[in-house]
Amino acid sequence: MLEAGVIGAGIYGIHHIKTYLLNKNIDKVVFCDLNKEIRDKIEENYGIKGYKTVSEMIKNEKLNIVSVTTPDPYHFEPAMQVIEKGIDILIEKPLSTDINECRKLLEKAKEKNVRISVDFHKRWDPAYLAIKEEIENEKAKKIIRGYISLDDIIDVPLKWFNWAHKSSPVWFLGIHCYDLIRFITKSEVSEVYAVGSKELLNSKGISTYDSMQAVLTMTDGSNWTVENSWILPNGFPKANDGQLIILTENRYFKNESYRGINYYTETTQKIPNYLFMNYENGKVSGFGLEPINDFVDDIISGKKFKADGTDGLRASEIAHAVHLSVEKGCKIKMNDIY
Ligand SMILES: NC(=O)c1ccc[n+]([C@@H]2O[C@H](COP(=O)([O-])OP(=O)(O)OC[C@H]3O[C@@H](n4cnc5c(N)ncnc54)[C@H](O)[C@@H]3O)[C@@H](O)[C@H]2O)c1
């Protein structure tokens with residue numbers, strides 16, 4: 001049996017806590033969060049011990065695994081402390097918003113013989129897996145081009161959390177797309193060109209990009225357009241929207257975030273993503289939660305992670321190059337970054 005810790009019990013960290021609590025291979029779950037209100041609420045609701053700091057938690061517990069679910073710009077320090085202690089770790093995407101920090105995490109993990117997994121849950125989405133399988137069975141021949149969009153409603157950077165100015169649509173959303181492209185094409189990005197705009201959120205006091213668009217050229221010869229924003233109007237019937245379109249020499253794939261269910265109230269329409277997270281009858285399912293359970297299984301079995309620290313580094317390098325391209329207004333060769 002394993003003992004698990006979660007660092008950062010906010011909007012997403014709570015799903016790591018709930019998944020660990022329902023995992024039959026885990027007999028103890030603890031967490032830490034700097035915010036006392038959150039600590040008190042979770043201790044009361046779930047009957048588990050909450051610490052204020054990472055140091056307190058790892059000093060007082062004998063943890064086998066830890067999830068890092070702190071805000072995008074604050075993964076490094078907590079992750080480093082956990083790795084230093086020799087504990088295997090699941091880090092929310094992005095591995096870090098600083099590629100040098102990503103490299104330091106990987107180096108330290110190697111030194112301490114620690115395994116890092118990164119939560120890129122799109123690799124578990126059954127729609128993308130079906131497309132990937134069709135491409136891999138070789139009937140779908142060579143990929144010519146792809147298009148991915150992933151956007152959030154404006155309430156996400158404005159109201160859901162207070163660190164949007166230290167992230168961007170690329171660090172928060174694009175990172176998933178870049179990882180998915182690597183996963184589907186099994187190739188690396190060779191060149192990036194990107195543009196972005198920084199107006200609406202800036203005018204509301206949050207200094208970050210509204211929208212960023214990138215063209216990625218892959219080493220398999222395919223070209224991909226990736227569009228990410230977090231300013232969709234709040235009236236959109238879902239907190240996020242996304243599309244994936246792939247053209248191969250003989251196939252055309254299209255996937256949208258509408259997954260077959262619409263529902264309506266007197267004032268709203270919703271398109272629930274019922275494939276994402278389910279806790280029905282005390283059982284966890286859905287591609288948003290499976291990466292957490294697979295992390296536990298892979299730790300126990302010693303199997304290779306579906307998304308590991310190197311995947312985290314590669315996606316962060318692409319996000320870094322996209323930012324550089326937007327800022328410099330020119331193409332970026334990935335060989336200058338890797
Ligand atoms: N895999 C996904 O699709 C997905 C979806 C949403 C969010 N996320 C990622 O999860 C991470 C967390 O996002 P969120 O929306 O839950 O943020 P959040 O702001 O709701 O929660 C972060 C929590 O971490 C706590 N915290 C910050 N620094 C800490 C530290 N050093 N020690 C202990 N606690 C600390 C904060 O008090 C807060 O409660 C982000 O990196 C985000 O990108 C991933």
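**Note on the predicted model**

1. In β4, V66 is the bridge partner of G5. The model is predicted, and this pair is a good place to enter its sheet.

2. The strands behind that pair are β1, residues 2-7, and β4, residues 65-68. They pair in the parallel sense. Four bridges join them.

3. The sheet itself is open and has six strands. Their order is β3-β2-β1-β4-β5-β6. The pairing is parallel. Which strands stand at the edges? They are β3 (50-51) and β6 (116-119). Each has a single partner strand, so one side of each lacks a neighbour in the sheet.

4. In secondary structure, the protein chain comes to 11 helices and 15 strands.

5. On overall dimensions, a compact globule of 338 residues would have a radius of gyration near 20 Å. The protein chain has 20 Å, so the value agrees with that expectation. Along the principal axes, the C-alpha atoms fill a box of roughly 55 × 55 × 45 Å.

6. Next, burial and contacts. Of the 338 residues, 54% count as buried. Take the contacts between residues at least 6 apart in sequence: 70% of them join residues at least 24 apart.

7. Now the surface. The protein chain exposes about 15600 Å². Carbon and sulfur atoms supply 49% of that area.

8. Last, charge. How many positive and negative side chains does the protein chain have? There are 44 positive and 48 negative ones. The centres of the two sets lie 2 Å apart.

Terms used. Residues numbered from 1 in each chain as written. Predicted model: local features only at pLDDT ≥ 70, side-chain atom pairs only at ≥ 80, totals over all residues. Heavy atoms only, no water. Helix = DSSP H or I, 4+ residues; strand = E, 2+ residues; numbered from the N terminus. Rg over C-alpha atoms; globule rule 2.2 N^0.38 Å. Buried < 20%, exposed > 50% of the residue type's maximum accessible area, 1.4 Å probe, protein only. Contact = heavy atoms within 4.5 Å. Areas by Shrake-Rupley, 256 points an atom, 1.4 Å probe, with all protein chains shown as cover. Lys, Arg positive; Asp, Glu negative; His and termini not counted. Charge placed at Lys NZ, Arg CZ, Asp CG, Glu CD. Pairing = 2+ DSSP bridges.
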